[in-house]
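Please look through the sequence and the structure below before reading on. The report that follows takes up one helix, and then turns to empty space in the model and to a single serine.

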Amino acid sequence: MSKVVLITGATSGMGKLTASYLASNGYVVYAGTRNKDNLESDNKNINYIYLDVTKTDSIKIAVNTIIQKEGKIDVLVNNAGYGLLATVEEGTDEEMFNQFDVNVFGLIKTTREVLPYMRKAKQGVIINISSFLGKMGLPLLAHYNASKYAVEGIVDSLRFEVAPFNIRVHSIQSGLFGTNFVKNGLVANTQTTSENSAYKDLVAHFVPIVAKAINEGPNPQPIADAIKNIIEDENSDIFIPVGVEAQTFVPLRKELSDKDFEQKIKDTFGI
C-alpha cells in the first residue's frame, strides 16, 4: 500500500516541487494550501486540501479528512513558512507573532494533530523544513532565525518523546534555492526598508545579496530528494544540511569558536 504524505505549504516553491516529486514516485500526497478556491489537481496522487497552519480548526479538519479517506498518515512534512525582514528594533508585535505563528506554532499544532495516529500505528516520519539559519544568525533576519532555531529545538526534544512509538523526526537545514521566496515568502517591515531607517545602509548592502542568492539560486530538487531519502532510509541523519550555504556554514559553526565564526560571517557577507 502506498505511503500517505501530508505536506503543509505545498502550492509553491519547495513544497510544490516535493509534492509533485513524491506523487510521481508512487506516494499518495495531500498538499496543504491556504487557498480554498484552488483544490483541483490533474495528478491522481496529489490531493489538494485546505490547511492554514495558523488556524487550528483547519488543521484538525484536514487531518481528519485524510484519516477518513486513507486510514493513516505515514509522513508529515512541515514545510509552511515565510521570512520576516526586519531589525529587532523596528519589528512590530504583530510581525513577530505572525513569524512564530506560522514557522513554529503552526508546525507544533500540525504535528500535534498527526501524532496520535502515528502513535497508534506505531510508525511515522515527521520532516521539518528548517534552514541553515537555524544554526547561525544574519542581520535583518533575527525573527526568522529565532523561529528556525526553535524548529531545531523542537526536533531535538520531540525525537525523545516519540522514539518509543517508532516515529522518526528529522530536520532539513535548507540553503538558498531558486524559488519564489523573495516574492511570496518574504515580508518586509516598512520602517526597516524606509529611507529614514537608522539601518538603511545595512539594508542597502545586505538585502540585494540575499535576494540575488535566492533569485539566482539552484533548483530546489535536492530538497525533494532529501525528503524522499529520509522517508525511505530508517537510518537517515537527524539534521541534514542541503544546499551550498547549509553545507558550508553548518559544519563551520561546529568547527570554529563563536568569535571566529562571527568573523567568518562578517567577511563572507561584507558586514
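## Helix α2 and its surroundings

Just after α2, the residue G71 takes a positive phi of about 80 degrees. This value, like the others in this report, belongs to a predicted model. The helix that comes before G71, α2, runs over residues 56-70. With its 15 residues, α2 reaches 21 Å from its first C-alpha to its last, which is close to the 21 Å expected at 1.5 Å a residue.

Which residues of α2 are buried? They are S58, I59, A62, V63, I66 and I67. These residues lie on the same side of α2, because the arc they cover around the axis is only 165 degrees. A general property of helices helps in reading this pattern: an α-helix has 3.6 residues a turn, so residues three or four places apart point the same way. On the other side of α2, the residues D57, I61, Q68 and K69 are exposed. The buried residues of α2 are covered by elements that include the strands β1 (4-7), β2 (28-33) and β3 (46-50), together with the helix α3.

## Empty space in the model

A search of the whole structure finds one cavity of 30 Å³ or more. The table sets the largest cavity beside the second largest pocket.

| Space | Volume | Lining residues by kind |
|---|---|---|
| Largest cavity | About 50 Å³ | five nonpolar, five polar, one charged |
| Second largest pocket | About 200 Å³ | two nonpolar, three polar, four charged |

The largest cavity is lined by T8, V53, N78, N79, A80, V102, N103, G106, L107, I129 and K148. Helix α3, which covers residues 93-121, gives the largest share of this lining, with four residues. The second largest pocket has a lining made up of K3, D74, Q123, G124, V125, N166, R168, I231 and E234.

## A serine in helix α4

The residue S147 is found in helix α4, which spans residues 142-162. Is S147 buried or exposed? S147 is buried, because its relative accessible area is 0%, and a residue counts as buried when this value is under 20%. When its neighbours within four places in sequence are left aside, S147 is in contact with Q99, F100, N103 and V104. One of these contacts, N103, also appears in the lining of the largest cavity, and that lining includes K148 as well.

Notes: Residues are numbered from 1 along each chain as its sequence is written. This is a predicted model: local features need pLDDT of at least 70, side-chain atom pairs count only at pLDDT 80 or more; totals for chains, interfaces and linings use all residues. Side-chain values use heavy atoms; hydrogens and water are left out. On a 1 Å grid over the protein atoms alone, a cavity is a set of points where a 1.4 Å probe fits but cannot get out, and a pocket is an open set with protein on both sides within 12 Å along at least five of seven lines; lining residues have an atom within 4 Å of a point. Grid points are joined across faces, edges and corners, and a volume is the space filled by probe spheres set on the points. Helices (H or I, at least four residues) and strands (E, at least two) are DSSP runs, numbered from the N terminus. Ala, Val, Leu, Ile, Met, Phe, Trp, Tyr, Cys and Pro count as nonpolar, Asp, Glu, Lys and Arg as charged, and the others, Gly among them, as polar. The expected span of a helix is 1.5 Å times one less than its number of residues. Buried means under 20% relative accessible area, exposed over 50%, partly exposed in between (1.4 Å probe, protein chains only). The arc is that of the directions from the helix axis to the C-beta atoms. Contact means heavy atoms within 4.5 Å.
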